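Biologist: I'd like to learn how to read the surface and the chain contact here. Can you walk me through them?

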Amino acid sequence: MYTTMLRIRRFEEKVVELFAQGKIPGFVHSYIGEEAVAAGACAALEPTDYITSTHRGHGHLIAKGGDLKYMMAELYGKKTGYCKGKGGSMHIADVDLGILGANGIVGAGIPIATGAALSSYLQKNGRVALCFFSDGASNRGTFHEGINMASIWKLPVVFLCENNMYGISMPQKRGMAIEDIADRASAYGIPGVVVDGNDVIAVYEAVKEAVKRARSGGGPTLIEAKTARWRGHFEGDPQIYRTPEEIEEWKKKCPIKRFEEKLLKMGVLNEEKIKEIEDMIAKEIDEAVKFAEESPYPEPEEALEDVYA
Amino acid sequence: MREITYAEAIREALREEMKRDERVYIIGEDVGRFGGCFGVTKGLWEEFGGERVKDTPISETAIIGSSVGAAATGMRPVPEIMFCDFMGVAMDEITNQAAKMRYMFGGKVKLPMVVRTPVGGGLSAAAQHSQSLEAWFTHLPGLKVVMPSTPYDAKGLLKAAIRDDNPVIFLEHKMLYGVKGEVPEEEYIVPLGVADVKREGKDITIIATSMMVHKSLEAAKELEKEGISVEVIDPRTLYPLDEEKILESVKKTHRAIVVHEAVERSGFGGEIVAIIMEKAFEYLDAPVKRVCAKNTPIPFSPPLENFVIPQVSDIIKAVKEMV
Ligand SMILES: Cc1ncc(C[n+]2csc(CCOP(=O)(O)OP(=O)(O)O)c2C)c(N)n1
């Protein structure tokens, strides 16, 4: 989980840098600061389980096993990318890894996760679907409809709200009249759990419990992980809606540093080991960037392919 | 005359109409303090306050649905949907509520509301943030559909739309927000349903909308060097549509091409072609052509996106094939 978090952090730092250099077109929504949620949650899943992701999806994809090379190539719009250059940052998917796509439409992944869970229920294949979404998405109708349906049929799905407290400029306080989104679970007769989203172990344990419940026919759980994004909503966002102090406070609660200190204390990790992991990740990222830069763009005519099966 | 951007022109229209009529209010995601995702409503929250520039949760269904309710009961809402692509999540409110209410109530209600939303590609924003969906709306009797291409038109048309007693879908192009153009200081209105001849010519008529007006004008400039004289007509509003001006031009030039950024299949271009065929067939020297986006979702990668969306060179090529 430590390596996963660090991999996400370093990948995102690189992406932000490349975006600023104009090498990555379109929009980029950085996941920096929220790494513990993806890493903890995906560690509690089997490789055959499904996830649905969001516009802020790089971390989810990496945690579910996404290959940095193909991710980076997709961000560049190259032919070798996960979506052959058709999707970009907001649409990366790898169905073989159970990744049913990042999504440009906020809240759209919620009923899709319900559907994946319905499918595994009907096919009796024991797979669980985990749905990543954020506080803003929980105000959409898809949240109500998707969770309600999953709860009446006791489908094997975990709804994981990464509450980073803002939907673009809208603070949670002004977007809803409650403090804990997990409270909404009671409306569907399912458990609602609040966890510290910067504590990877807490996330892991909550999700593990929910996955166990889901797999054994107990139905969905709504987990709310409280966390924060360190950067703007998208790269280039001037963030007039929050103070630099607020961001600094969250940086002090860095999920990676926090876990690192714990592991150091436990003796699982030492400086040498950290350096080893850092070096390995740096190499992976260098390779990914090189792969993306050296890959060709798709031929224009390829735009016409893949519209229908 | 002074020049301002398309975004500034829209902002001025909003400000002037809000000042003129207390019933006008803005509602949408991040439209307040943040000033809108594309900065169009910047400063209005400071000027009019949160009661009249309403930030909402991510709730398109409720943004449009509440606007229908408020419009039916005496207000004049101007909801913003951050990208036209997200209209899909409020499509019942558009299709079955906004477009139908007056009719179903036997003409006993007015729905003065304007849904502003950006369309179009060019930003590598991929398939869920780049569409031109005007045909969704022109297909619905009960709605008016406006698609301005210049700052002047945007301001004048938005003012007309806000004063209109019907639901209006106002489609702005995201690549036009920064484009400057002449806009008078004094008050003016561009009435809905009046096309504009953006350039006069005699060999062929191009009927173009939104961003494609600019690309068609560029093509016309190039073609002029080769002695081909192109007339460019911008309908400005797709419903009501100024058929007369289009037909008049076709009768003069005897050739027509429709250029739009929406995909060709079932696009609004088909409607214009049909009108020309029905009402000016005997004037035509060649079959009417369409230059539209290819029939695929808009891809992310720049070379793919450029291929799918019509370019100046595509327009030039089509014209040359005809004259
Ligand atoms: C249906 C829909 N409405 C609006 C948007 C524009 N939009 C993109 S991200 C976003 C904020 C999302 O907030 P939240 O769900 O809290 O996720 P976060 O960005 O905080 O991770 C908005 C409004 C969208 N993509 N889809």
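Modeller: Sure. A nonpolar patch joins side chains such as Ile, Met and Trp that lie within 5 Å, each with over 30% relative accessible area and no salt bridge. Keep in mind that this is a predicted model.

Biologist: Which residues make a nonpolar surface patch in chain A?

Modeller: Met149(A), Ile152(A) and Trp153(A) do, and their patch covers about 310 Å². Trp153(A) sits in the loop that links helix H6 (141–152) to strand S3 (157–163) of chain A.

Biologist: Why does Trp153(A) count as partly exposed?

Modeller: Partly exposed is the range between under 20%, which is buried, and over 50%, which is exposed. Trp153(A) has 41% relative accessibility, so it counts as partly exposed.

Biologist: Now the interface. How do I read its size?

Modeller: People often quote the accessible area that is lost when the parts come together. Here, chain B and chain A bury about 2,900 Å² between them, with 70% of that from carbon and sulfur atoms. On the chain B side, Phe34(B), Ile58(B) and Phe300(B) supply 24% of the area buried against chain A, more than any other three residues. The contact involves 42 residues of chain A and 33 of chain B.

Biologist: How many salt bridges are there between chain B and chain A?

Modeller: The count is 1. Arg174(A) pairs with Asp55(B) in a salt bridge, and their closest N and O atoms are 3.7 Å apart.

Biologist: And which helix of chain B gives the most to the side touching chain A?

Modeller: Helix H11 (residues 302–308), with 5 residues. As for polar contacts, 9 residue pairs turn up across the interface of chain B and chain A, both partners at pLDDT 80 or more.

Technical notes: Residues are numbered from 1 along each chain as its sequence is written. Chains are lettered from A and ligands numbered from 1 in the order in which they are written. Side-chain values use heavy atoms; hydrogens and water are left out. Patches are made of residues with over 30% relative accessible area and no salt bridge: like charges are joined within 9 Å, nonpolar side chains (Val, Leu, Ile, Met, Phe, Trp, Tyr) within 5 Å. Accessible areas come from the Shrake-Rupley method with a 1.4 Å probe; for residues, only the protein chains shown count as cover. A salt bridge is a side-chain nitrogen of Lys or Arg within 4 Å of a carboxyl oxygen of Asp or Glu. Helices (H or I, at least four residues) and strands (E, at least two) are DSSP runs, numbered from the N terminus. Buried means under 20% relative accessible area, exposed over 50%, partly exposed in between (1.4 Å probe, protein chains only). Contact means heavy atoms within 4.5 Å. Buried area is the accessible area (1.4 Å probe) that two parts lose on being put together, summed over both. A polar contact is a pair of N or O atoms within 3.5 Å; within protein, one must be able to donate a hydrogen and the other to accept it, and residues adjacent in sequence count only if both atoms are side-chain atoms.
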